[in-house]
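This report introduces a molecular structure to a reader who has not met it before. Please keep the sequence and the three-dimensional view at hand while reading.

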Amino acid sequence: MNWISNYVRPKINSLFSRREVPENLWTKCDECGTMLFHRELSDNLNVCTNCNHHMQITPRERFKALFDAGVFTEVKVPEPLADPLQFRDQKKYPERMKAAQKATGEAEAMLVAEGEIGRTPIVAAAQDFSFMGGSMGMYVGNAIVAAAERAVKLKRPLVLFSAAGGARMQEGILSLMQMPRTTVAVQMVKEAGLPY
């Protein structure tokens with residue numbers, strides 16, 4: 001039994017070896033480079049405590065912060081055709097959708113919900129930039145129209161958090177048609193005399 005190889009070397013190696021630290025405990029600020037503890041960052045609503053840089057926030061996190069006690073109910077959005085143009089570039093469109101759904105945990109790039117802010121009921125919609133760049137496809141158009149119709153039906157204010165990266169190229173002209181649809185939906189809310 002060699003004392004140096006059996007006792008001293010393992011002790012020295014343990015002092016200098018890398019310890020396994022979970023990667024999701026710390027987040028680096030994009031602006032100032034400060035390492036922020038994940039609980040401290042989430043308690044501050046994804047705003048850097050050092051430089052006040054606002055980092056991305058998911059629609060669910062946004063709604064938990066927005067609505068009283070974080071309580072909200074999702075509003076059902078009509079589902080469009082899955083792959084209307086049979087679009088294919090390096091990947092098929094359904095494959096891109098599955099990858100985005102897996103990465104974000106959401107079905108699409110927009111979430112619509114209703115809840116209360118200061119006991120005032122509202123309807124809100126929030127876009128998720130991490131879902132294919134927040135690109136506006138038929139589903140996002142349907143979501144904004146559904147939110148506007150729900151707001152008018154219930155006579156509630158509509159709050160919309162936009163984080164769009166433009167039209168979704170995989171849906172071609174169908175995605176470009178969503179802009180006039182959403183403009184009409186917002187006008188419908190304004191004509192009803194409701195805050196937007």
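## A buried glutamate

E171 has a relative accessibility of 2% and therefore counts as buried. The structure described here is a predicted model. In the chain, E171 belongs to the loop that runs between β6 and α6 (173-176).

Two polar links involve the side chain of E171. One is a polar contact of 2.6 Å with the side chain of Y93, and the other reaches the backbone nitrogen of M138 at 2.7 Å. When residues up to four places away in sequence are not counted, E171 touches L85, Y93, G137 and M138.

## The sheet

The strands β3, β4, β5 and β6 form an open sheet of four strands, in the order β3-β4-β5-β6 and with mixed pairing. The edges are taken by β3 (72-74) and β6, each of which has a single partner strand, so one side of each is left without a neighbour in the sheet. On average, neighbouring strands of this sheet are turned by 25° against each other, direction ignored.

At the β3 edge, β3 and β4 pair in the antiparallel sense over three bridges. Within this pairing, T73 has E114 in β4 as its bridge partner.

## Strand β5 and its partners

Which residues make up strand β5, and how many of them are buried? The strand covers residues 120-127, and six of its eight residues are buried, so β5 is largely enclosed by the rest of the structure.

On one side, β5 is joined to strand β4 (residues 110-117) by eight bridges, and the two strands run antiparallel. I122 in β5 is the bridge partner of G115. The two strands form a hairpin with two residues between them, and G118 in the turn has a positive phi of about 60°. The pairing of β5 with strand β6 (residues 158-161) has four bridges and is parallel. Here A125 stands opposite L160 in β6.

## Helices across the sheet

The connection from β5 to β6 includes a helix: β5, helix α5 (residues 138-154) and β6 make a right-handed β-α-β unit. Helix α5 lies across β4, β5 and β6, and runs at about 25° to β4.

Helix α3 (residues 59-66) also lies across strands of the sheet, namely β3, β4, β5 and β6, and runs at about 160° to β5. P59 is found in this helix. With a relative accessible area of 4%, P59 is buried. Leaving aside neighbours within four places in sequence, P59 is in contact with L111, A126, Q127 and D128. P59 and D128 are 69 residues apart in sequence, yet their C-alpha atoms are 6.1 Å apart in space.

## A serine in the loop before α5

S135 lies in the loop between β5 and α5. Is this residue buried or exposed? At 7% relative accessibility, S135 counts as buried.

The side chain of S135 forms a polar contact of 2.8 Å with the side chain of R168. Apart from neighbours within four places in sequence, the residues in contact with S135 are A109, V140, G165, G166, A167 and R168.

## Cysteines without a disulfide

How many disulfides does a search of the whole structure find? The search finds zero. For C29, the closest cysteine sulfur is that of C51, at 3.7 Å, which is too far for a bond, because a disulfide requires the two sulfur atoms to be within 2.5 Å. C51 is accordingly in no disulfide, and the nearest cysteine sulfur to its own is that of C29.

The two cysteines can also be described by their accessibility. C29 counts as buried, at 2% relative accessibility, whereas C51 is partly exposed, with a relative accessible area of 30%.

Terms used
Residues numbered from 1 in each chain as written. Predicted model: local features only at pLDDT ≥ 70, side-chain atom pairs only at ≥ 80, totals over all residues. Heavy atoms only, no water. Buried < 20%, exposed > 50% of the residue type's maximum accessible area, 1.4 Å probe, protein only. Pairing = 2+ DSSP bridges. Right-handed = clockwise from strand over helix to strand, strands pointing away. Polar contact = N/O pair within 3.5 Å; in protein donor to acceptor, adjacent residues only side chain to side chain. Contact = heavy atoms within 4.5 Å. Axes fitted to C-alpha atoms, helices over the stretch in contact; angles between N-to-C directions.
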